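Colleague: I'm new to this one and would like a close look at a single part: the aromatic rings and the core around them. Could you walk me through that, and add whatever helps me find my way around?

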Amino acid sequence: LNDPGRESSGASVGRTRTEPAMTNDVPTLIKHCVGDSARHSNFRRAALASLKETLSNAAAKKALQHFCEWLPLEMHEFQRPGNEDGSPGVRFRAFSAGLFANVDGGKVTNPEKLLESMGERSPPFQVMSTNSKSGEFFCFSHDKFFLIKTVTDAEARLLHSMLPAYQDHLRTYPKSVIVRYAGLFHMKVEGARGLSKFFTIMVSSFDPTRKIHETFDVKGSLYNRKKKENESIGKDQDWYDAGRRLQLPDPVWRELLAAHEADAAFLMRFNVLDYSLLIGVHHLSPDEPRGAGYRDGGGLWAQGAKEIYFIGLIDFLIGFTLKKQAEHLVRAAQGHAEDASCVSPETYAFRQVKFLRDSIFETGGSSHGTLGTLRITQMAGHDLVNMDGPFDLSDPYIVATIGLQRARTPTVRNNLNPKWSCEIVLPINACHRDMQLTLNMMDEDSVAALRGSDDAMGSVEIRVSEILSSSPLQIKDLQLQGVSKGRLSCHIAFEPVAVA
């Protein structure tokens with residue numbers, strides 16, 4: 001994968017070439033690539049099934065079953081020779097085709113569906129955009145079930161490195177809103193000016209049988225996130241200004257918020273950012289029947305509105321590279337360290353999780369997660385370390401964090417023994433059971449231009465499982481860790497979701 005087009009001479013052809021050959025036939029080449037790969041996947045699946053039938057040893061059968069369910073990273077190469085008329089030969093490489101075919105248990109990424117939608121005998125693709133010089137292309141299968149898109153070498157390597165964890169994540173969180181990939185390929189057209197490109201196949205987040213009347217691309221920030229006059233896809237500011245919300249029944253909205261938090265945490269592990277929640281809205285006719293909650297065939301029935309929603313987390317192959325880090329520094333110098341699109345992956349994930357709860361889903365003011373709500377009150381600091389001496393005192397505040405849920409108190413000025421009369425509220429999801437509640441005591445920098453450099457004044461960690469089993473907890477004079485002195489007191493109570 002690091003050098004898919006390495007010739008025997010050692011020349012790398014993994015880069016874009018100018019004036020690629022057979023550009024007009026790219027859709028046909030893709031069909032050949034997908035067809036060869038899908039047929040090979042079907043053959044291997046049948047062979048493994050036959051092998052399993054011949055095994056009498058239970059341990060061997062179990063091992064083979066595990067292999068079939070958790071296929072390793074792999075690569076298969078397919079070649080089509082050139083013709084006498086001068087048409088160049090083509091070499092395809094399919095990466096981890098078996099894993100993609102089974103990534104969701106074969107529900108929508110199976111080889112049969114790929115052959116039906118994108119095989120050699122399928123109708124022509126719906127081409128959205130192409131660039132004959134760069135070889136870039138973006139198109140839909142004829143039934144709009146799959147999207148085909150070129151990616152850079154770096155994006156292809158990133159996706160390939162994510163695959164084992166990606167498969168595990170989708171199986172652990174079946175309600176994940178992350179887009180389902182159905183394939184990663186490399187195509188090399190022979191010749192000095194041949195096309196050499198990676199491309200991916202994704203399952204559409206929308207139902208091809210339903211017209212999408214409104215589309216929004218949401219990142220979690222309002223800064224420079226408004227569509228231009230000639231654009232049809234709305235952005236964060238457009239959604240916010242329209243007062244839109246996804247109106248869904250409880251517990252559906254709680255389940256989706258929890259799934260998105262798990263998705264964002266997964267993406268944060270791979271140091272990526274700039275991903276979006278794609279929202280599509282279909283307007284039902286006045287006399288059309290509607291359902292409730294999850295919809296067969298994909299999507300969500302709106303509650304209290306004649307609409308169907310479609311959502312998907314897309315475009316998550318942008319790494320926090322040196323270029324992105326430099327862009328972040330420029331935005332920080334401009335005073336947009338927290339609200340610009342280009343921020344650290346951690347900040348990006350926390351911010352998007354908060355934006356979805358505050359501005360995308362209609363929660364009716366509820367702070368519940370899938371399990372319930374955590375409430376922290378009676379907070380006080382004692383004999384805190386002074387970070388602003390010798391002529392001033394610290395300006396403390398507390399930040400409470402569980403997973404990607406985070407909330408803070410107001411700042412108390414010039415006080416080493418602060419008390420807070422407010423309440424910190426955090427939603428608790430099932431995935432939080434094995435996590436820690438972290439309470440960080442911070443000293444706010446009084447100079448606004450330097451925000452983000454607030455000093456740590458110690459922290460405490462409490463297992464969420466302990467809170468769930470022993471609620472309420474009265475914490476008194478708990479020693480802050482990581483500093484020479486300072487203690488914390490508070491009251492922690494868990495409020496479970498009422499059972500219907």
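**Aromatic rings and the core**

Modeller: Let's start with the whole chain: buried residues make up 49% of its 500 residues. Keep in mind that this is a predicted model. The protein chain has ten helices and 22 strands, and its C-alpha trace spans about 85 × 60 × 50 Å along the principal axes. If you take the contacts with a separation of 6 or more, 66% of them are between residues 24 or more positions apart.

Now to the rings. The structure holds eleven aromatic pairs. Take Tyr181 and Phe316: their ring centres are 5.7 Å apart and their planes stand at 90°, so this pair is edge-to-face. Tyr181 lies in strand β6 (residues 181–189), while Phe316 is in the loop between β13 (307–314) and β14 (318–319), so the pair ties together parts that are 135 residues apart in sequence. Are these two buried or exposed? Tyr181 has a relative accessible area of 3%, which is under the 20% cut-off, so Tyr181 is buried. Phe316 is buried as well, at 0% relative accessibility.

Another pair to look at is Phe216 with Trp239, also edge-to-face, with 5.0 Å from centre to centre and 85° between the planes. Here Phe216 belongs to strand β8 (residues 214–218) and Trp239 to helix α6 (residues 236–241), so a strand and a helix are tied together by residues 23 apart in sequence. Phe216 and Trp239 are both buried.

Rings can also join up beyond a single pair: Phe137, Phe185 and Phe199 are linked into a cluster by ring pairs. And some rings have a charge over them. Lys113 lies over the face of Phe145, 4.5 Å from the ring centre. Likewise, the charged end of Lys175 sits over the ring of Tyr294, at 5.2 Å from its centre.

On to the core itself. In soluble globular proteins, nonpolar side chains tend to be buried together. Which residues touch the most other members of the largest nonpolar core here? That core has 67 residues, and the answer is Ile279, Phe316, Ile360 and Phe361. You've met Phe316 already, as the edge-to-face partner of Tyr181. Helix α5 (residues 153–172) gives the most to this core, with eight residues.

It's worth clicking on Ile279. Leaving out residues up to four places away in sequence, Ile279 touches Phe206, Glu214, Thr215, Phe216, Val218, Trp239, Leu246, Phe310, Ile311 and Ile360. Notice that this list includes Phe216 and Trp239, the two rings of the edge-to-face pair at 5.0 Å. Ile360, another name on the list, is itself one of the four residues that touch the most other core members. Apart from this core lies another, of 29 residues, with Leu437, Val460, Val464 and Leu480 among them.

Back to helix α5 for a moment, since Gln167 is found there. The relative accessible area of Gln167 is 2%, so Gln167 counts as buried. Its side chain makes a polar contact with the side chain of Arg171, at 3.1 Å. Beyond residues up to four places away in sequence, Gln167 touches Glu69, Trp70, Leu71, Leu99, Asn102 and Val103. Glu69 in that list is in helix α2 (residues 58–69), which has twelve residues and reaches 16 Å from its first C-alpha to its last, close to the 16 Å expected at 1.5 Å a residue. At the start of α2, a side-chain oxygen of Asn57 comes to within 2.9 Å of the backbone nitrogen of Ala59.

Finally, a few backbone details. In the loop that holds Phe316, between β13 and β14, you'll also find Asp315. Asp315 has a positive phi of about 55° although it is not a glycine. With a relative accessible area of 34%, Asp315 is partly exposed, whereas Phe316 is buried. Gln378, in strand β15, has a positive phi of about 55° too, and is not a glycine either. Gln378 is partly exposed, at 49% relative accessibility. There are cis peptide bonds to look for as well: one joins Gly389 and Pro390, with omega about 5°, and Pro390 lies in the loop between β15 (372–382) and β16 (396–402). The bond from Ser471 to Pro472 is cis with omega near 0°, and Pro472 sits in the loop between α10 (464–470) and β21 (473–479).

Definitions and conventions
Residues are numbered from 1 along each chain as its sequence is written. This is a predicted model: local features need pLDDT of at least 70, side-chain atom pairs count only at pLDDT 80 or more; totals for chains, interfaces and linings use all residues. Side-chain values use heavy atoms; hydrogens and water are left out. Rings of Phe, Tyr and Trp (its six-membered ring) pair if their centres lie within 6.5 Å; planes under 30 degrees apart count as stacked, over 60 as edge-to-face and the rest as tilted. Helices (H or I, at least four residues) and strands (E, at least two) are DSSP runs, numbered from the N terminus. Buried means under 20% relative accessible area, exposed over 50%, partly exposed in between (1.4 Å probe, protein chains only). A charge sits over a ring if NZ of Lys or CZ of Arg is within 6 Å of the ring centre and within 35 degrees of the ring normal. A nonpolar core is a set of buried Ala, Val, Leu, Ile, Met, Phe, Trp, Tyr and Cys residues joined through side-chain atoms within 4.5 Å. Contact means heavy atoms within 4.5 Å. The expected span of a helix is 1.5 Å times one less than its number of residues. A polar contact is a pair of N or O atoms within 3.5 Å; within protein, one must be able to donate a hydrogen and the other to accept it, and residues adjacent in sequence count only if both atoms are side-chain atoms.
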